[in-house]
Amino acid sequence: HHGLAALKLNELNERQHEAVTAPPQNMLVLAGAGSGKTKVLISRIGYLIRAHHVSPYSIMAVTFTNKAATEMRHRLEAVMGHGTVGSQFSNHGMWIGTFHGLAHRFLRTHFREAKLPESFQVIDSDDQHRLIRRLLKSLNLDEKRYPAKQIMWYINGKKDEGLRPKHIETYDPNEQVMVKVYEAYQQACDRAGLVDFAEILLRSHEVLATHPDVLSHYRKRFRHVLVDEFQDTNSIQYAWIQLISGGHPGGVADELDPSYVMIVGDDDQSIYGWRGARVENIHNFQKDFADVEIIRLEQNYRSTANILKAANAVISNNSDRLGKDLWTEDKEGDPIAVYSSFNEIEESRFVVGNIKKWQEEGGSLSDAAILYRNNAQSRVLEEALLQAGLKYRIYGGLRFFERQEIKDALSYLRILANRDDDAAFERVINTPARGIGDKTLQTIRDAARSQSITMWQASGRLINENRLSARASGALQKFISLVDQLEQDVSELPLHEQADQAIQASGLKAMYQAEKGEKGQTRVENLEELVTACKQYEPDENMEEMPILSAFLSHASLESGESQADDYEEAVQLMTLHSAKGLEFPLVFMVGVEEGMFPSQQSADAPERLEEERRLAYVGMTRARQRLFITYAEVRRMYGQEHRHRPSRFIAEIPEECLYHVKLTTSVSQPAYRSSSSSYGSSTGYGSGSSYSSQPKAATNHVKFTGTGFSLGQRVMHAKFGEGTVLNCEGDGEHARIQVNFDQFGAKWLVTTYAKLTAV
Ligand code: ATP
Ligand code: MG
């Protein structure tokens, strides 16, 4: 019964049907979002097996994420019967996976040809970074001049282009140094049997290119290669496909029959240009592969007419498009709700309020996705969701308080609060690197264990008893002084200044700033966002008695201890716009849609980058099936600073008739979503009596001068900072904070109860 009927070909439209049932040939399916590209690709595999009796063994399917690969496997098994597709690891069935996953599998089989030890290890970017730093030291290169992260970025970029050091010719002395490090790095990896991500692809490409017997084996085996999200392939991935399919004119084994390649993609959804992806590969494919049949799909099955019209209008502002018309038979649907919030906290409450409403009206939590431009934006949303008791899952990432840089920073705060916190001690003692090696650390651990004291205490003793080398002892003493000094400097400051100073004085921020590339920038942003979190933090009633730092640390560990919702649990999906590619949800929120956030500041002035941001907006909007909310904040505290942004140009690019501007009839945020469709504009439903009625939080941030006992402009005296003038006050009671402009030290925020200010 798993015959052709199971493929349900009658559910396909004419063009889709044509693509799925075409005779074996090279094919390019070029089509906009939600037009069924992925569906066609999966059906095509089924059709090849069922109608053309192609063995699954001779099919390779490339997806963009591991998750997509798993899903494709499940969908194929559902159509064709269990066991037909082959397990992920068996060599008999189909190969389905990401480029990296498949190339890795290839290397495991051909480790000898690849000149790798059988037990070769794959290293991640952290390992890679550490290795490069060690090399810089042994090569006597100044890390300030040649930051390890920058070199790592360089090496990976070259590998993505398929280039080894010997291929790089340069007269730029700076680049010559980088090439030298690349060479040393590669030698070190080869000696130790280590393979980084970019190396997986490059190395397997080299094996294929230099071993005609291996190449011929795989060419004979894989008669059908299918690639989803082709617009985001990079050079080496493209070359890999060419080689394995025989599509390379003048390749080593041209006498072999070529395989058939089907690629599906959408140039309007190319969003990884910054990481080396080349949308030109779509053009190249038509030149490099023989007799390519181009099929365009134009009917969208995902979104309502309104959402589609809006997305089409936004992307039409880009130049150099291959050009696609996209239409739908779907109903018009609700207008896109645009909401202007006072600040980011209110924005997150608005989102959560509407998700609750959706849930109350029978919708599933898993239907809802919140999409943002930057990783750090998740923090405020996570807090609002936790507060509302809604389960959530961060797709393709860690929750805010679980991120490496946040844990680093919190560990500094923990050691300030408690020197005996061994876990924090271990985490920060050599982060950033300050010359305390594993050996010293082991000595400290041993001493602590044998004398049943903490590592901090053991460190002091080891120094006093001269039991460390002079170098180790000096480095350790420096660390101890750093922590002691830091505590002295910050103990009287308000929480967010404590955090800010700890991040700076410890060298953490500088360390992550030196990481070039997107990851380093994200980490710095997250650190700054931690400062904002401290500023906004207000202790629960049961923690009010504690010092605010301890209270905050408990809050942070409670939040990170709350584990991600399990896979089977219903949960709101949070993710960056980038990781939403290929997915769809009935209810979508795009948040932080402001100039300077999205499009980002850096891209606003560079036309090419701006167009990539616009494609990202297109990807975001086209994830929505039924309802789309777009929100922006008038004031946003982000990365520790307050910003005022205008609404994003992408909102202005949406035709007005597709929009509904959510206006609140009271000063209180109300959900804009209502169950009966297209009744957004009505005056009912947004007034009082709604399920969502708390006061905007921001008000408490602006309570003036209650509870501090001081008034604006008053002259005051502080034991350490001397005389100053009161600029501002916030909150009251134990957590009242006061901003004083000190004559000698400038403006500082102080916790009033600790500051012991006296009137002058
Ligand atoms: P993206 O560009 O976002 O990756 P896509 O082109 O891959 O989108 P799919 O995810 O394959 O599109 O399909 C979008 C939605 O439309 C899916 O829910 C799919 O099941 C549905 N769909 C596709 N074709 C049809 C059809 N002929 N009839 C009914 N539903 C369809
Ligand atoms: Mg798709």
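Two residues count as in contact here if their C-beta atoms, placed from the backbone, lie within 7 Å. Keep that in mind as you work through this predicted model.

**Exercise 1.** Work out where serine 35 sits and which residues it is in contact with, leaving aside neighbours within four places in sequence.

*Solution.* Start with the chain: serine 35 falls in the loop between strand 1 and helix 2. Next, look for its contacts beyond four places in sequence: these are Leu297, Glu298, Gln299, Asn300 and Leu326. Finally, check burial. The cut-off for buried is 20 or more other C-beta atoms within 10 Å; serine 35 has 28 C-beta neighbours inside 10 Å, so it counts as buried.

**Exercise 2.** Do the same for glycine 32: is it buried or exposed?

*Solution.* Find the loop between strand 1 (27-31) and helix 2 (37-50), and you'll find glycine 32 there. Count around it: 25 C-beta neighbours lie inside 10 Å, so glycine 32 is buried. Its contacts, again skipping anything within four places in sequence, are Asp266, Asp268, Asn300, Lys324 and Leu326. Now turn to the record: an unreviewed UniProt entry lists a "binding site" that includes Gly32 and Ser35, along with Lys37 among others.

**Exercise 3.** Which residues touch the most other members of the largest nonpolar core?

*Solution.* That core has 64 residues, and the ones to pick are Val29, Ile45, Ala61 and Met262. A second, separate core has 61 residues, including Val351 and Leu616. Now zoom in on valine 29: not counting residues up to four places away in sequence, it touches Ala19, Lys37, Val40, Met262, Val264, Ile295 and Leu297.

Note on methods. Residues are numbered from 1 along each chain as its sequence is written. Chains are lettered from A and ligands numbered from 1 in the order in which they are written. This is a predicted model: local features need pLDDT of at least 70, side-chain atom pairs count only at pLDDT 80 or more; totals for chains, interfaces and linings use all residues. A nonpolar core is a set of buried Ala, Val, Leu, Ile, Met, Phe, Trp, Tyr and Cys residues joined through C-beta atoms within 7 Å. A residue is buried if 20 or more other C-beta atoms lie within 10 Å of its own, exposed if 12 or fewer, and partly exposed in between; C-beta atoms are placed from the backbone. UniProt positions are given in the numbering used here, feature names are shortened, and annotations may be inferred rather than shown by experiment. Helices (H or I, at least four residues) and strands (E, at least two) are DSSP runs, numbered from the N terminus.
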